[in-house]
Amino acid sequence: MRHHYRNVVLGLACVTVLSAAAIAQRGRPGFPIARRHTTTQSDGLRLIPSDQAPPQGGQVSIEVAGVDRVIRSNGLPSHPTGAFPNRGNPHRISAQSYVYRVPARPRRANRVTPLGLQNFGVAVNGVPFDPGAAEWYRAHRHGGWRYEALSGAVPLGIDHNHAHVQPTGAYHYHGLPTGLLEQLGVRAGEHSPIVGWAADGFPIYALYGYAAAEDASSGAAELKSSYRLREERRPSGPSNPGGKPDGTFLSDYEFQSGLGDLDRCNGRHCVTPDYPEGTYAYFLTSDWPVIPRYFRGTPSEDFRRGPPGRPKR
């Protein structure tokens, strides 16, 4: 069973309050206040129209310097965005000062690394890919029930580019960057161009790769992830939401090797137009996780987020 985010237009109203524990954490530097949510099922994702011009032009440069690929940007896209602030997101878009360094010749690590609370990578327009939401059931950060941003269970004011804004003013993608893909000419029947770089240095493509991973003559096809919704009901109790998995939580999904075209990291070793001799590459997919949640290589520390308001070097 696959969970898609196409043509989902219904939203779910939910009441958010601060827990006593969250209030107690208010004074801890760099520790965001946890919001206490009790929503356990979602009616879908409501997207904000992307009909606003960014506050200024996007600026990005990508160059190879020694052993590193260096991406510098102000974090602003050249495509329209949603209106921010909005009902689900109180923050205003502002220019950033990003400097990301990733290996120009990345290597696979001995084991995969979970994403955690950090950016997965950066798009070629300089906007970060940040699929995770810092929202947990009943504000229990270690309870295992973290909300999926694209489920719509917690209203986050996400626009039609599947993006929204952090308290720092940073615009970032939680899902398929629709406006960017249109600008890059990503289309069915053709292999995707590079749409970004992961924190470990491997390239990121979107939706379409060669049908046979090692054969450029096999034609382009939409690649599918190997994740599915779990069939067993969630556990119930004071710290557990109960109910049938529907994609509200990250833990609603499980990986099944061979179910789709891609591995646990939503990638594969393959040939591409940019790497005719082959490379490991990630793919954004229309089905979950959309943006990968694991690294095949070793992620750069430049993508690890610090306390709110901390300047990027």
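User: Why is the contact between Arg-230 and Glu-232 called a salt bridge?

Analyst: A salt bridge is a side-chain nitrogen of Lys or Arg within 4 Å of a carboxyl oxygen of Asp or Glu. The N to O distance between Arg-230 and Glu-232 is 3.9 Å, so the pair meets that definition. Salt bridges that share partners join Arg-228, Arg-230, Glu-232 and Glu-254 into one network. This is a predicted model, in which local features need pLDDT of at least 70, side-chain atom pairs count only at pLDDT 80 or more, and totals for chains, interfaces and linings use all residues. Residues are numbered from 1 along each chain as its sequence is written, and side-chain values use heavy atoms, with hydrogens and water left out.

User: What makes Arg-230 and Glu-232 buried, partly exposed or exposed?

Analyst: Buried means under 20% relative accessible area, exposed over 50%, and partly exposed in between (1.4 Å probe, protein chains only). Arg-230 has 31% and Glu-232 has 45%, so both count as partly exposed.

User: How many salt bridges are there by this rule, and which residue pairs with Arg-72?

Analyst: The count is 12. Arg-72 pairs with Glu-63, their closest N and O atoms being 3.2 Å apart. Arg-72, at 34%, is partly exposed, and Glu-63, at 42%, is partly exposed too. Another of the salt bridges joins Arg-187 and Glu-190 at 3.4 Å, N to O.

User: Why are β3 and β5 called edge strands of their sheet?

Analyst: The open sheet has three strands in the order β3-β4-β5, with antiparallel pairing. Strands are DSSP runs (E, at least two residues) and helices are DSSP runs (H or I, at least four residues), numbered from the N terminus. β3 (60-65) and β5 (98-103) each have a single partner strand, so one side of each lacks a neighbour in the sheet.

User: How do you know that β4 and β5 pair?

Analyst: Two strands pair if DSSP finds at least two bridges between them. Six bridges join β4 (residues 68-73) to β5, so the pairing criterion is met. In one of these, Ser-73 has Tyr-98 of β5 as its bridge partner.

User: Why is the pair of Trp-145 and Phe-249 called edge-to-face?

Analyst: Rings of Phe, Tyr and Trp (its six-membered ring) pair if their centres lie within 6.5 Å; planes under 30 degrees apart count as stacked, over 60 as edge-to-face and the rest as tilted. The rings of Trp-145 and Phe-249 have centres 5.5 Å apart and planes at 75°, so the pair is edge-to-face. Trp-145 lies in the loop between β9 (136-137) and β10, and Phe-249 in the loop between β18 (240-241) and β19 (253-255), so the pair ties together parts 104 residues apart in sequence. Both Trp-145 and Phe-249 are buried.

User: What makes the pair of Phe-202 and Tyr-282 stacked, tilted or edge-to-face?

Analyst: Their ring centres are 6.4 Å apart and their planes stand at 70°, so this pair is edge-to-face. Phe-202 sits in the loop between β12 (196-198) and β13, while Tyr-282 is in strand β21, 80 residues apart.

User: How do you know whether Phe-202 and Tyr-282 are buried or exposed?

Analyst: Phe-202 has a relative accessible area of 3%, so Phe-202 is buried. Tyr-282 has 0%, so Tyr-282 counts as buried. Ring pairs link both residues with Phe-120, Tyr-280 and Phe-295 into a cluster.
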